[in-house]
Amino acid sequence: MKAGSIGSVKFYKRLIIVVFTIVLLIPTIIVSCVAVHYKASLNEVETVMADVSESVIVSNKRIGDNTILESYVPSEEGKPLVIVQHGITTNRVDVLKTVYKLAEAGFFVVAPDLYGHGERKKHDERALVMQGAVITSKGYDQIIEHYAKDKRCNTEKFGLTGFSVGGMVVFHYATYGKYRPTAIAPCISTPDWAGLETSYLAKTMVPTGTPDLPEDEPKKAKSMEVLENNSPMNEYMNMKDMHILMQNGGEDPIIGTKGITNLYNLLHKEGTDISFIVHPKQGHTVPDNNVDNIVAFMKEHLQ
């Protein structure tokens, strides 16, 4: 055999060994990447739970079409129910910190996925953002009726809180829902849906929780119809007898303070227990002090 042929055989043998080694290593590399991602996720949860009692129980549950987180500290029965609603492009896990803090404070806490988000993504209908808010709000009846039969919690006095579009769900249910919440605490939100016509929310579609902006006029017209027909400001007097706390950022580029200011002025003169806080340097975010205010507010009016 010629020297060149021998060299070629050796080269191909080495090449086969290298390829074989890489093939064997691929699963290890994938597992390592997944492990790193999983570890990062665990670290995020541990960070959230750092100041929370180990006795707080959190579990996933489905009630009809509603996918939820359920959280409480197992002790005495009849804990006041509080529903916590996340905003767009996230899911129910995004409000874990608020859920934990409320559960530790003695509440039975439920955090549903917004329609079109989390485990409620799998729908054929391409719902506009605020259509999704209405659908989510209507789902609260089923959630409340389910827990009315549960001895662990008390639905006779219940509270609602939510962030951004989640806060708009709170305003909507407080105005149009079948059951009357005792206390509501929407955050970085607005009851004036019609006032959103210049906002990207008026045009956003969320079939999978990811916004994209439709350009055609029929979709824009449908969006404005949803906003105008379902705005809580249309029937704001339905909130007259509730305890209301609203918090918005003074530097929020998405949702300003006009909507909550108008609602305050209208209901305050009717004798409603309503207040609002504008956090001067806050944008469209939810810092810890917002959550602490919500917890204190719910303790004052539900316990």
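**Exercise 1. Work out which strands helix 7 lies across, and how it runs relative to strand 6.**

Start with the ground rules: this is a predicted model, where local features need pLDDT of at least 70, side-chain atom pairs count only at pLDDT 80 or more, and totals for chains, interfaces and linings use all residues. Residues are numbered from 1 along each chain as its sequence is written, and side-chain values use heavy atoms, leaving out hydrogens and water.

Now find helix 7 at residues 288-302. Helices (H or I, at least four residues) and strands (E, at least two) are DSSP runs, numbered from the N terminus. Helix 7 lies across strand 3 (79-85), strand 5 (153-163), strand 6, strand 7 and strand 8. Its direction is at about 170 degrees to strand 6; axes are lines fitted to C-alpha atoms, for helices over the stretch in contact (heavy atoms within 4.5 Å), and angles run from 0 to 180 degrees between N-to-C directions.

**Exercise 2. Place strand 7 among its partners.**

Take strand 6 (residues 183-187): it pairs with strand 7 in the parallel sense over three bridges, pairing meaning that DSSP finds at least two bridges. A183 has H243 as its bridge partner. On to strand 8 (residues 273-279), parallel to strand 7 over seven bridges, with Q247 opposite I277.

**Exercise 3. Is strand 7 enclosed or not, and why?**

Six of its seven residues (243-249) are buried, so strand 7 is largely enclosed by the rest of the structure. Buried means under 20% relative accessible area (1.4 Å probe, protein chains only).

Technical notes
Buried means under 20% relative accessible area, exposed over 50%, partly exposed in between (1.4 Å probe, protein chains only).
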